[in-house]
Amino acid sequence: MAAVLALTALGLSLVFGVMRVVNVAHGEFFMLGAVLAWWFANLVVGNPALGFLIALVGSPLVVGALALVADRLVLKRLDYNPEATIVATIGMLYILQQLALTFYGPDARPVVAPISFRVQFPWFGYSGYKLVVVAASAIVLLGVWVLLARTKIGLIMRATQYDRETAQAFGIRVDRVYAGVFALGAMLAAVAAVLIVPIQQAYYLMGQDPLLLSFIVVIVGGLGSLRGTVVAAIFIGMSDGIISVFFSPTLAKILATLLVAMVLVYRPQGLFGARDT
Amino acid sequence: MDQKTRKTAPAKGVGRRKVITGLAAVGGAAMGSRLLPGYVPYIQAQSSEPIKIGFQVHRTGIGAAYGNWYDRTTTAAAKVINDAGGINGRPLEIITEDDGTDPKRGAEVVEKFATLHKADIVYGTLFSNVVIGSAPRAGELKIPYFVVSEGHHVASGGLNRYTLQPGITDVKSQVAAMAPWVAANLGKKVTMIFPDFAFGHDHRDFFTEAMAGQGGEVIETIAVPPTESAFFRYFPKIPRETEVLYHVMVGPAVLTFVKEMGEFYGDTRPEIFGFIDSLEAVDLNSPGLEFLDGTYFWEGHRRYAGDNPTAFELNYREKVGVDMNGASVDNARDVATYSHMFGCWETLHIIKAGMEAAGYQGPADRAKLIEAVEAMTDIPESEAHPQGAKVFNGKTHQTFGHQNITKVANRRLDLVHRTSIEDGLYPDEVDYTTQPL
């Protein structure tokens, strides 16, 4: 699950890195992605793979559009004030969650995986689809990295992150960058959700777990650092799995939280974060 | 239906003004034909006012799938009772409040029923943590609290005289009835996977005890938080020498749980015995469940009607709107929580029988209602009790009944064994009748 965690956390990290906005509603974008995936997948009857592909494209687009609207209507009016946006995104969290409850209902509903095969290891089996998810996540992560490091859009984003006012002085439409980044962050969460929904089910409270884990990953990895986020996601995801298997899942959560505390005390900027001087 | 009303209405008027009673009978008859309650003249208010049942329902939270079907069953049962003239000639009014499957909110809901809605009783709770959180408040408010929960907390003596479970058997009784069959037919070395709260702990404690009594052994217990959404990491903890895997799971992610169990094992699995809770409200035809063929389930009430359903069973399915495969008649993929929801139907009928035996008039008679239910013993199979005959123990406030073991074959559940009521009996652990009312 490290791969999907990386995608979700990356969205959160990106939004914070560029916009300095702590998006508490991030988990709800994830949930929304999953719920929409169920909806899209059910538009197409007969071929589950086709329904899934439509969901994979459609769901992030809708979530991204919604995030864009949220940015225009709410965050921009608050002038991206860090404290105000936290409160505003908490509000968005509840609005999205309750809307999902009202229109989608309290049931957990499954989406059929586009492919299903089982990989048999000597001592246990593993779902082939999960391996596909890992590969797909890696591709998306790579895509985001190329976008940030190799394109003009990435350059503009990094410039805005580095110094907002100077970027503005150079003619960059900072508010557009912000809206785009916010939408991109939400879309990453939605992609992660679509990938995971055949494994889990779409459920209106499912945003809470990834939100907490994403925050842990982002804090450990360093806010706004792509490399840190990916490394931390893999580390936390793997250690969570391994410790859970050999000891207990509760211990895994305790250790992850302890790690956050240690990082905050000894390296407040995160393992890979640039030191503010 | 009108005949029934005429028969019951004068009886409850004995000792009171005859004229009003006569009028009440007319009013009651009007109720029987389902006129609006607010339409009757005020002079009959005392006797034809609806009996208010506060229904504590898990509309949201991890119990939502159950809450949905508990609601449908309750609505159907209330309609059947009202069509037949109500209780003592008075109609039932079900007032629902969502508790979010949350113990704290559960207690608040009980309080709201008692003080705001002025309900006569509170009824319908499933999740054991909510029952345990709500029952003390019901006891303090002295409002009868009829739960439909399966937990052993009622019969264990942990609650109070105002809490009763007359419509569904408890986990201790269920596993005591299952263990001899499991030990004799499946294997003696058992690994248990269960949700990590009161209900799951009941399974762990009582099944371990019951297996020991059969010469079997529980070699590993794996507790899973009920809000968990990914289960794969729990399966490697199952010891290799396990002969029987015993699973019971609840919550929105049960399908994931069972699917991941299948991914883990493929075709090299031990015997698997599960409580149908792991698949309640889940279609057996869902992809990924192929491996369940040949595994066994406990079912309180059989989802698939089988070859020879009783007339009571057919009537119940028709009234609730469930087809022969345990799904909604409108949508074959909308599968019921069939093994549990009969408890709502049967409990409402017990409430009716208890209120009629007690001559229940209003909240002042709550203690009489408790005593009337405590006096019940044999409950024969009937339209009111389609799951089967039961024996109610007034001292422990717990009912005992038949259990079913079914086997998955061709994506259906077929009956292999039905236990007797005696199989599930155990010594009393409490005598609630000694507590003051």
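Me: What do strand 16 and strand 17 of chain B form, and which residue in the turn has a positive phi?
Reply: Strand 16 and strand 17 of chain B make a hairpin, with two residues between them. The turn residue with the positive phi, about 50°, is B:Asn410. Strands here are DSSP runs of E with at least two residues, and helices are runs of H or I with at least four residues, both numbered from the N terminus.

Me: Before we go on, what kind of model is this, and what pLDDT do local features need?
Reply: This is a predicted model, in which local features need pLDDT of at least 70 and side-chain atom pairs count only at pLDDT 80 or more, while totals for chains, interfaces and linings use all residues. Residues are numbered from 1 along each chain as its sequence is written, and chains are lettered from A and ligands numbered from 1 in the order in which they are written.

Me: Thanks! Back to the hairpin: over how many bridges do strand 16 and strand 17 of chain B pair?
Reply: Six bridges, in the antiparallel sense, join strand 16 (residues 404-409) to strand 17 (residues 412-418) of chain B. Two strands count as paired if DSSP finds at least two bridges between them. B:Lys407 has B:Asp414 as its bridge partner, and B:Val408 has B:Leu413.

Me: And how does strand 10 of chain B pair with strand 16 of chain B?
Reply: Strand 10 (residues 296-299) of chain B pairs with strand 16 in the antiparallel sense, over four bridges. There, B:Trp298 stands opposite B:Ile405.

Me: New topic: what is the order of the open sheet of five strands in chain B?
Reply: The order is 2-1-3-4-5, and the pairing is parallel. Strand 2 (92-98) and strand 5 (163-164) of chain B are at the edges with a single partner strand each, so each has one side without a neighbour in the sheet. Strand 1 (residues 51-57) and strand 3 (residues 121-123) of chain B pair over three bridges, and B:Phe55 has B:Tyr123 as its bridge partner.

Me: Which strands of chain B does helix 11 lie across?
Reply: Helix 11 (residues 338-358) of chain B lies across strand 1, strand 3 and strand 4 (145-146), and runs at about 160° to strand 3. Axes are lines fitted to C-alpha atoms, for helices over the stretch in contact, and angles run from 0 to 180 degrees between N-to-C directions.

Me: How about the open sheet of three strands, what is its order?
Reply: That one, also in chain B, has the order 13-14-15 with antiparallel pairing. Strand 14 (residues 390-393) and strand 15 of chain B share four bridges, and B:Asn393 stands opposite B:Gln398.

Me: Helices next. At what angle do helix 7 and helix 8 of chain B cross?
Reply: Helix 7 (residues 171-185) and helix 8 (residues 198-213) of chain B cross at roughly 40°, and their axes come within 8 Å. That makes helix 7 oblique to helix 8 of chain B (under 35 degrees is roughly parallel, over 145 roughly antiparallel, 65 to 115 roughly perpendicular, and the rest oblique).

Me: Is that crossing left-handed or right-handed?
Reply: Helix 7 of chain B passes helix 8 of chain B in a right-handed crossing. The near helix is turned clockwise from the far one in a right-handed crossing, and anticlockwise by less than a right angle in a left-handed one. By class, this contact has ten nonpolar, two polar and two charged residues. Ala, Val, Leu, Ile, Met, Phe, Trp, Tyr, Cys and Pro count as nonpolar, Asp, Glu, Lys and Arg as charged, and the others, Gly among them, as polar.

Me: And in chain A, how do helix 2 and helix 8 cross?
Reply: Helix 2 (residues 26-43) and helix 8 (residues 174-196) of chain A cross at roughly 45°, with axes that come within 7 Å. Helix 2 of chain A is therefore oblique to helix 8 of chain A. The contact residues divide into twelve nonpolar, two polar and no charged.

Me: Last one: how many residues of chain B are in contact with chain A?
Reply: 19 residues of chain B are in contact with 24 residues of chain A; contact means that the C-beta atoms, placed from the backbone, lie within 7 Å. Helix 9 of chain B gives the most to that side of chain B, with five residues. By class, the side of chain B that touches chain A has ten nonpolar, five polar and four charged residues.

Notes. Two residues are in contact if their C-beta atoms, placed from the backbone, lie within 7 Å.
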